[in-house]
Amino acid sequence: MAEALAGAIGSDLYEIEPAVRYTPADLDWHDSESRSSVEMADKASRPALKGSIDTSGYDVIYVGFPIWWSDAPRIVDSFLDAHDLHGKRVAAFVTSGGSPIGDIDSNLKSRHPDAEWRPGRRFSSADAADLKDWAEGIRSGGSGERSPFPISDTAFDGGGYKRSTMYEE
């Protein structure tokens, strides 16, 4: 999804990677002892990141991830905690086989209040036109309507399926 968003709006893509990659066993949500289950049970959990990126040149950050336990994976919080979000527009784009976006926006806003959070959106497919319309609305300062002008932005995908990129116009 992050690649489709980056391609649709011409953005850079950055991969949020944990210092230790998740294995299929780590992602077994049926196992209460799996790494993902343990992390999600602890709201203070912040898995270590593999790398970092300078986000100072970006005005808008799109954070993409699969929904875990009706929330953002804790690795997303690790990334957001590691960056100065003051004055940046941030919006989540999430994927799920069936879960709604629910309280993810308010959860992220409460944990990262320095960002100017914009309404996130759940996408079930990578429709380029739909992604572009939503993203351009965020870039314009709105809530997902078309943008009359471009702003530097970034697409991040930080869930269990670690894939993303970065862009600057």
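Y62 pairs up with A91 of strand β3 as its bridge partner. That pairing belongs to a longer run: seven bridges join strand β2 (residues 60-66) to β3, and the two run parallel; strands count as paired if DSSP finds at least two bridges between them. Getting from β2 to β3, the chain passes through helix α3 (residues 74-81), and this β-α-β crossover is right-handed, meaning that the path from the first strand over the helix to the second runs clockwise with the strands pointing away from the viewer. Helices (H or I, at least four residues) and strands (E, at least two) are DSSP runs, numbered from the N terminus.

All of this comes from a predicted model, in which local features need pLDDT of at least 70, side-chain atom pairs count only at pLDDT 80 or more, and totals for chains, interfaces and linings use all residues. Residues are numbered from 1 along each chain as its sequence is written, and side-chain values use heavy atoms, with hydrogens and water left out.

Strand β3 has further partners. Two bridges tie β3 to strand β4 (residues 116-117), running parallel, with R89 matched to E116. Another two link β3 to strand β5 (residues 121-122), again parallel, and here F93 is matched to R121. As for cover, six of the seven residues of β3 (residues 89-95) are buried, where buried means under 20% relative accessible area, exposed over 50%, and partly exposed in between (1.4 Å probe, protein chains only).

Zooming out, the protein chain holds five helices and seven strands, and buried residues make up 49% of its 169 residues.
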